[in-house]
Structures are given as structure tokens and as C-alpha cells.
Amino acid sequence: MSVPDPDPDPDRTLEYAGASILIFADSTTACHAAAGRFADMLGVALRARGRAVLGLATGATPVRLYASLVARHRRGELSFADAATYNLDEYYPISPFDPKSYRSYMHRHLFGHVDLAPNRAHLLDGTVPEAFAAEHAAQYDRWIAADGGLDLQLLGIGRNGHIGFNEPTDLPVAETLALPTRLVDLHPITRADASRDFGAEDKVIPRALTLGVAPILSARSILVLAFGANKADAVARSLTGAMTSQVPGSLLQSVPGRVTWIVDAEAARDLA
Ligand code: PGA
């Protein structure tokens with residue numbers, strides 16, 4: 001039997017606005033550590049409730065985290081047999097078979113390699129008729145609540161500070177904190193960043209279904225990953241600035257004690 005590598009310790013830890021920030025030299029080490037934390041939290045939920053409800057994220061940031069979870073599963077250290085998952089977002093409209101869909105991303109990076117039951121791997125559905133999109137989004141929130149709520153929400157952060165596809169807005173903070181799961185328009189910075197996957201900015205699907213700010217903040221624990229210098233500004237503004245709807249990541253300050261940031265040195269560059 002192979003001996004698991006110990007989870008790496010951070011080079012530096014900081015506290016801001018009730019959040020713990022764990023800083024690693026590079027994103028590979030950070031993803032390895034994040035996988036260890038993810039596995040620990042899954043274990044805690046299984047011991048407490050006999051099941052775990054996990055909020056998952058997509059994008060470039062968690063790819064190596066998922067690779068590390070798959071490796072742990074293959075070594076027999078981690079099982080999803082008693083887990084349910086809810087993804088943060090999905091383009092709208094999109095076929096689940098489109099390689100750019102988050103359904104197919106999840107299949108590629110995690111679902112196709114672990115023992116998660118197909119009827120417990122949930123994503124918002126990019127094929128629902130538009131007239132029923134709001135009803136579908138509200139139903140998604142009810143599924144999570146009926147499952148006992150999220151034990152863990154995994155998040156990335158956009159260069160514009162978005163969490164999920166909750167984009168910067170002019171709404172008062174109290175209204176943004178209450179936003180439910182819904183159909184949204186993507187922000188220009190999000191569309192520019194997604195051109196990486198779609199080939200050109202004008203080919204990016206401009207709308208998406210996203211888990212709302214309110215259900216994200218209801219998670220019992222939240223793990224935010226951010227890597228690279230192009231995330232440094234969003235990280236610093238989320239942690240050290242005032243809470244504002246213009247930087248949705250700053251709204252994580254409203255749930256002190258529940259948020260852990262796992263970042264590399266470049267993304268932490270603007271933190272003291
Ligand atoms: P990325 O996206 O991981 O592709 O950088 C993160 C996000 O927009 O939340």
C-alpha cells in the first residue's frame with residue numbers, strides 16, 4: 001500500500017476580517033493542501049451526519065485540486081459514496097455535452113473518476129426552457145436546503161472579485177447578500193477571461209445560472225482558492241477593503257470564522 005504524502009503546511013498564515021489566509025509558495029503545493037483540507041472536511045461531515053454536501057467550483061483554479069482528490073480516491077483514502085455535490089454555476093444556454101459546459105468539466109476532472117452517485121452530482125441545468133429558469137434556480141436552492149445545506153463551499157474568485165457568477169453590482173450590500181440562485185449576465189471582465197475557453201470574446205455565452213450570494217454564504221464552511229498575480233487585486237480588495245457589492249468576494253467578510261483562503265504567494269502579493 002502506498003504511503004500518502006503529508007499535507008503541506010503553509011509558508012505563512014494571516015487573519016483578515018475573520019478569515020484565515022493560508023499562503024503557499026506555489027499553486028501546486030496549495031492545491032495539494034486544499035485537497036487535504038477538502039478530504040478532512042468531508043470526513044468531519046460524514047462523522048457528524050453520515051453524509052457530506054459539497055459545493056463545487058470550476059475554472060482553471062481547482063483543476064489540480066480535483067486531480068489530487070482523484071489520486072486520493074484511487075489510493076483508497078477518499079470516497080464520495082456518501083456525498084452529494086452542488087456546482088456553483090453553469091453557462092446558459094448550453095448542452096451538458098458541450099466540452100465547455102461545466103457539467104462536462106466536472107465529468108472530466110472529478111465525476112468520471114470517483115464513486116459519486118450520478119443522482120447526487122448536481123449542476124444547474126443549461127438546457128431548461130428560459131421561461132422556467134427562475135423556477136429551476138429556486139428549485140436548486142430547495143434541493144440544497146432539503147439535503148441539509150452545504151457542509152463545504154469551494155470557491156474561486158474572478159479578477160473582478162466575482163464569486164460564482166455573482167458579478168459586481170451597484171446594489172446595496174444588504175440586497176446583494178440576499179441574492180438567490182438565478183440567471184445572470186456575465187460581466188465584461190468575466191467574458192474576457194472566458195475567451196480562453198471559447199476562443200474569442202464574442203463567442204463566450206454571455207449568460208449563466210449561478211448559485212446566489214445567500215446560499216453560498218449559508219455554507220457551514222467556505223474554502224476560497226486564488227492563484228497568480230492576476231488575482232492579487234481581487235484577493236486584497238476582498239480581504240482588506242470594506243464590504244461592497246462592487247467586490248462580491250468582500251461579502252465573505254459577513255460570515256467571519258467560516259472562511260479559509262488558500263492562496264499562492266503571487267495572489268497574496270498585496271496582503272501585508
Ligand atoms: P479561474 O476562475 O479559476 O478560471 O481563474 C475563477 C473564477 O472566476 O471564479
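This is a short conversation about the ligand site and one proline in a predicted model.

Visitor: What should I keep in mind about the model?

Guide: Residues are numbered from 1 along each chain as its sequence is written, and side-chain values use heavy atoms, with hydrogens and water left out. As the model is predicted, local features need pLDDT of at least 70 and side-chain atom pairs count only at pLDDT 80 or more, while totals for chains, interfaces and linings use all residues.

Visitor: Which residues surround the ligand?

Guide: They are G59, A60, T61, G156, I157, G158, H162, R196 and K231. A residue is near a molecule if one of its heavy atoms lies within 4 Å of it. This shell divides into 2 nonpolar, 5 polar and 2 charged residues, with Gly counted as polar.

Visitor: What makes the pair between T61 and the ligand a polar contact?

Guide: A polar contact is a pair of N or O atoms within 3.5 Å. A polar side-chain atom of T61 lies 2.4 Å from a ligand oxygen atom, so the pair qualifies. For H162 the distance to a ligand oxygen atom is 2.6 Å, and for R196 it is 2.8 Å. The protein covers 81% of the 280 Å² of accessible area that the ligand has on its own (Shrake-Rupley method, 1.4 Å probe).

Visitor: Why is P168 called buried?

Guide: Buried means under 20% relative accessible area (1.4 Å probe, protein chains only). P168 has 17%, so P168 is buried. Its place is in the loop between β7 (152-155) and α5 (173-177).

Visitor: How far is P168 from P248?

Guide: They are 80 residues apart in sequence and 6.0 Å apart in space, C-alpha to C-alpha.

Key: Polar contact = N/O pair within 3.5 Å; in protein donor to acceptor, adjacent residues only side chain to side chain. Helix = DSSP H or I, 4+ residues; strand = E, 2+ residues; numbered from the N terminus. Buried < 20%, exposed > 50% of the residue type's maximum accessible area, 1.4 Å probe, protein only.
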